[in-house]
Amino acid sequence: MQRAGNPDSPLFGMAAEVPSASALYHAAEKVRDAGYTRWDVYSPFPIHGMDHAMGVKKSWLSALVFIGGITGLTIAAALTFYPSSIEYPLIVAGKPTNFFTVPAFFPIMFELTVLLSAFTATFGMLALNGLPRWNHPIFNWNRFDRVSDDGFFLAIEATDPEFDEEATRAMLEGLGAKHITLVYED
Amino acid sequence: MADAIMQNREAAEQRITRAPLVTNNRSMAWITDHVASVTEKKAPVWWWVLFTISSALAVCSVLCIGYLISTGVGVWGLNHPVGWAWDITNFVFWIGIGHAGTLISAILFLTRQKWRTSINRAAEAMTLFAVVCAGIFPLIHVGRIWMVWFLAPVPNSNAIWQNFRSPLLWDVFAVSTYFTVSILFWYTGLVPDLATLRDRAKTKLRKFIYGIAALGWRGGNRQWRHYEMAYLILAGLSTPLVLSVHSVVSFDFATSVIPGWHTTIFPPYFVAGAIFGGFAMVLTIMLPARAIFGLHDLITDDHVDKMCKIIVLTGSIVGYAYAMEFFIAWYSGNPYERYVFVHNRLAAPFMSWFSWVPGIGPEMAALGANPAPYWWAYWSMIFCNVVAPQLFWSRYFRRHVIWVFIICNFVNAGMWFERFVIIVTSLHRDFLPSSWGMFYPTWVDIWTFTGTFGIFLALFLLFIRWLPMICIFEVKAVLPEADPHHGHDDHHREPVAVKGAAH
């Protein structure tokens with residue numbers, strides 16, 4: 001078996017390449033059914049339906065974004081009401097400054113809701129993905145450079161309870177995966 | 001018999017199948033290489049020529065802005081009664097251009113228009129650079145720019161808070177939110193492609209810079225699932241945002257009492273105009289880029305065709321809005337409103353040609369004898385925005401890029417005239433004839449505006465050189481072989497080119 005990285009360092013996992021998006025999809029279904037939990041498939045673009053094939057749930061980023069949006073709305077409400085109705089009621093054209101002037105604050109409330117939601121969506125996505133990070137053991141494998149071009153890979157981590165060098169290798173071979181490689185942490 | 005049926009069926013299927021989004025059956029590696037290599041090869045000579053010209057123009061703008069700040073807004077031609085002139089015209093012009101980028105990236109994403117994938121990156125970049133150009137004008141038109149922090153929501157030096165009920169302050173929030181969200185959306189879309197550039201990098205420096213910029217992206221599905229959700233949410237947020245931004249820009253006018261501005265039609269009218277003008281600008285910069293880099297297989301003639309259709313649709317909405325605001329001016333019975341539309345805009349010398357027409361002849365003769373001072377601006381607008389784009393009803397004009405380019409430039413000019421007409425013709429003669437006046441631009445007005453084209457183009461050229469101008473990963477995702485079920489039902493006669501495009 002090929003090795004990537006420094007073999008004296010801890011083992012990260014076993015990686016392999018498949019020829020196409022559909023091969024990756026079907027490989028994912030089999031790895032899922034074999035009971036693995038700490039593994040991932042890598043592709044140059046998101047593959048439609050792969051979440052189902054891998055057995056992962058819908059991203060819960062939307063919940064974070066909802067909280068971000070509510071925060072933005074609250075900040076905007078405070079930011080407009082406190083100065084305009086309490087701290088410094090600015091009377092323009094003799095119009096009232098009470099709570100019922102709220103429609104005039106809708107644009108700012110909307111904008112800040114969107115702003116904080118967008119920040120949460122972007123940075124929440126990065127946080128859930130553990131990004132940014134300097135490096136990752138999988139990058140020790142030279143073939144993996146093609147993941148952003150036309151390569152389709154899968155990797156099963158050594159920390160997976162089902163991981164076993166021989167059995168995992170046999171399973172990957174059974175999937176028709178090529179270039180099966182042990183990838184080390186450093 | 002069976003053969004004949006099959007042949008008929010094949011012919012019928014061919015007629016209803018969609019054209020492939022990427023032509024000539026290009027492979028994934030071809031797409032990566034073709035798009036990424038633009039940033040890797042040496043810059044061609046024409047790039048340096050264009051970059052030199054556009055940065056020289058940008059410097060003109062910067063010098064004019066320096067002169068304005070050090071001297072005062074008096075160096076511009078605006079004065080009473082025209083207190084907003086080219087500054088706000090240019091602001092609305094540029095921000096409107098930005099909206100097509102967001103439309104392509106967000107609204108077409110939500111409506112699953114897969115053809116957007118090869119144009120959204122450049123269109124989003126265009127959005128950012130247009131908003132940069134737009135942002136300059138409201139900042140410098142305040143005059144004492146060192147006081148611009150008065151716009152920020154903190155009490156000013158006299159402990160006075162802003163008027164949060166003012167559309168001008170809404171505008172500050174809307175435009176700055178729009179710019180920020182556009183950057184986030186754009187960068188989120190860039191991350192997987194920056195990883196492509198990182199993985200292809202040959203030199204240590206490129207590897208380092210693109211490595212940092214790609215944030216460690218590795219394309220695992222456990223990342224893609226959050227990524228796709230983030231992209232979907234950002235698209236969902238950007239869609240109402242883009243509508244709100246130009247609505248708020250139109251509130252700057254609509255909530256005032258100036259005849260010609262005080263209309264409820266403004267928000268949808270402005271939004272349609274923004275998308276209209278923005279698509280024209282997208283084509284104006286994309287057609288030369290496509291020709292130069294030979295990207296005809298990615299930005300196909302079908303893409304151009306579809307954008308032309310959007311232009312004729314939004315152009316007709318704009319034409320309808322022009323007619324409707326005119327109708328409401330008449331129907332409202334408000335003499336000031338009517339005066340602005342008829343005597344500040346419509347009345348033109350050529351109307352006296354129609355003095356023979358029975359019934360309206362005398363009115364035509366009177367209007368022709370007393371034309372509006374800015375009749376040429378109004379009629380340029382009508383010609384460029386309403387008449388010229390109607391040519392796109394014809395497939396001939398949509399399919400010949402020279403015509404597309406010419407008509408789009410009419411639209412670019414027309415949309416600038418539209419904002420000029422709205423702003424200057426409304427202001428120059430309003431309620432009191434004793435306070436009427438004209439606006440004449442100074443050389444500072446002219447060069448500040450001309451220079452923003454330099455800023456826009458220079459930024460766009462830098463973008464082309466350093467970042468992939470087509471969204472590589474999204475284009476791959478619309479290839480037929482990207483479909484995980486591709487190639488498994490080969491025994492059916494499948495129209496191969498269509499599978500990826502169909503959903």
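This tour goes through a predicted model, beginning with the contact of chain A and chain B and then turning to a helix pair and a pair of domains.

Select chain A and chain B together, and colour the residues that touch across the two chains: the contact takes 60 residues from chain A and 56 residues from chain B. Keeping to the side of chain B that touches chain A, highlight helix H2 (28-40), helix H6 (167-200), helix H8 (221-254) and helix H17 (472-477) of chain B, which are the elements that give two or more residues to this side. Among these, H8(B) deserves a selection of its own, since the largest share of that side, 16 residues, comes from H8(B). If you now colour this side of chain B by residue class, you will find 28 nonpolar, 18 polar and 10 charged residues.

Next, hide everything but H2(B) and H6(B), whose axes come within 11 Å and cross at roughly 80°. Angles of 65 to 115 degrees count as roughly perpendicular, and so H2(B) is roughly perpendicular to H6(B). To see where the two helices meet, show the side chains of Thr32(B), Ala36(B) and Thr39(B) on H2(B), together with Thr196(B), Leu197(B) and Arg200(B) on H6(B), which make the contact. Sorted by class, the residues of this helix contact are 2 nonpolar, 3 polar and 1 charged.

Finally, move to chain A and select domain 1 as 2-57 + 130-184, then domain 2 as 61-128, the two domains into which the chain is divided. With a centre placed on each from the C-alpha atoms, domain 1 of chain A and domain 2 of chain A are separated by 44 Å.

Terms used: Residues numbered from 1 in each chain as written. Chains lettered and ligands numbered in written order. Predicted model: local features only at pLDDT ≥ 70, side-chain atom pairs only at ≥ 80, totals over all residues. Contact = placed C-beta atoms within 7 Å. Helix = DSSP H or I, 4+ residues; strand = E, 2+ residues; numbered from the N terminus. Nonpolar A, V, L, I, M, F, W, Y, C, P; charged D, E, K, R; others polar. Domains from an automatic or database assignment. Axes fitted to C-alpha atoms, helices over the stretch in contact; angles between N-to-C directions. Parallel < 35°, antiparallel > 145°, perpendicular 65-115°, else oblique.
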